[in-house]
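This report walks through a few local features of the structure shown below, moving from aromatic rings to a helix face and then to one histidine.

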Amino acid sequence: SWVGMGGRMMGAAYALAHKEGHNRSLYKKWIRNTVGNIFENVLGPIYGNVPWNFTTSHVFIHHRLDGGAGDTFYLWDLDRTSITHFMLYIYRIAHHMLGFSSLKFFKGHGHQSKHDLLEKGMYAYWSIALVFVAITRSFSFVFWIYLQPFICMTYFLALLNIGFHGFIEIDSNGNNIRCVNSTCIINGDDDYYGEDDHMAHHYNINVYYRDLPALQASKVEEFKKHHASVFQHLSILELSIFILFGLWDKLADHYVDYTEKMTREEIIKMLQVRAVRVETSYEKYENYLANPTP
């Protein structure tokens, strides 16, 4: 709750909209067919979420690609420890939040039904803004009550994704190592439905969140082998801030070294290298986003 009441409510709205986007069986059928996803589509717009964004963009782009090349949330062309690069990432996430980059992706990959559903949500989002203007006759009201939360949610999701996918390690075959490129927080301070274990959230998505401790115990040897991105006793927001501002001493305090052989200096060096490593250039990736194809 150190982020304040507004941040708390925004975090809760995000977590519940995210859950709705993933889980169609969350509501009884008659609720799904009438009201729909309450936090994603009904309350979501006043927290900066374009309706159907999680159901379409998040599930069918981010999770299909696991943060990799093609993702509208991609960040491995940027230095995750740089404030100036973070502002470039804000620009990218704003395009994702507005739906523009996702529409291009769906059109380029032939997913017309997803394209049309998200486009409907985009029209709904801006139609609500016009209704507010007509009712209140105050652009100031519409900005601070309706559009400003969109700006906050854009920064919020950009920051969170640095924590969730801030590190990258590539094996001898040129492949991303999964237990490095998605982080896991155990005994965290602020977990929703097990999303703190973001490795499992991407690569073992069918594991129920209450069963995650058993899954983590089964992966100890893999974590040892690759020096996995596992941390403990902090929140995802803190993890993101530590990376962005290069607070490696603080982050090292929370790193879980399953080998029990690494020195503190080795841990700090490893985290630094993984947080600045890139797969491609920003310019090349932006050119791809302008016309995404398979």
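In this predicted model, a search of the whole structure finds 18 aromatic pairs. One of them joins Tyr-74 and Tyr-285, whose rings are stacked with 4.3 Å between their centres and 25 degrees between their planes. This pair links distant parts of the chain, since Tyr-74 sits in the loop between H4 and helix H5 (83–98) while Tyr-285 belongs to helix H16 (residues 282–290), 211 residues apart. Both Tyr-74 and Tyr-285 are buried.

Another stacked pair is formed by Tyr-125 and Tyr-146, with 4.9 Å from centre to centre and 25 degrees between the planes. Tyr-125 lies in helix H7 (residues 112–136) and Tyr-146 in helix H8 (residues 139–165), so the pair ties together parts that are 21 residues apart in sequence. Tyr-125 has a relative accessible area of 1% and is buried, and Tyr-146, with a relative accessible area of 0%, is buried as well. These two tyrosines also belong to one aromatic cluster, which is completed by Trp-126, Phe-132, Phe-141 and Phe-150.

Aromatic rings also take part in another kind of arrangement, in which a lysine lies over the face of a ring, as the following table sets out.

| Lysine | Ring beneath | Distance from the ring centre |
|---|---|---|
| Lys-19 | Tyr-193 | 4.7 Å |
| Lys-114 | Phe-60 | 4.1 Å |

Tyr-285 leads back to helix H16, where Tyr-282, Tyr-285, Glu-286 and Leu-289 are buried. Which face of the helix do these buried residues line? Seen down the axis of H16, they fall within an arc of 100 degrees, so they line one face of the helix. The face turned away from this buried side carries Glu-283, Lys-284 and Asn-287, which are exposed. On the buried side, the residues of H16 pack against H5 and helix H6 (100–108).

A last stop is His-58, which is placed in helix H4 (residues 53–65). Is this histidine buried or exposed? His-58 counts as buried because its relative accessibility is 10%, and the cut-off for that term is under 20% relative accessible area. Once its neighbours within four places in sequence are left aside, His-58 is in contact with several residues, namely His-18, His-22, Asn-53, His-63 and His-201.

Note on methods:
Residues are numbered from 1 along each chain as its sequence is written. This is a predicted model: local features need pLDDT of at least 70, side-chain atom pairs count only at pLDDT 80 or more; totals for chains, interfaces and linings use all residues. Side-chain values use heavy atoms; hydrogens and water are left out. Helices (H or I, at least four residues) and strands (E, at least two) are DSSP runs, numbered from the N terminus. Buried means under 20% relative accessible area, exposed over 50%, partly exposed in between (1.4 Å probe, protein chains only). Contact means heavy atoms within 4.5 Å. Rings of Phe, Tyr and Trp (its six-membered ring) pair if their centres lie within 6.5 Å; planes under 30 degrees apart count as stacked, over 60 as edge-to-face and the rest as tilted. A charge sits over a ring if NZ of Lys or CZ of Arg is within 6 Å of the ring centre and within 35 degrees of the ring normal. The arc is that of the directions from the helix axis to the C-beta atoms.
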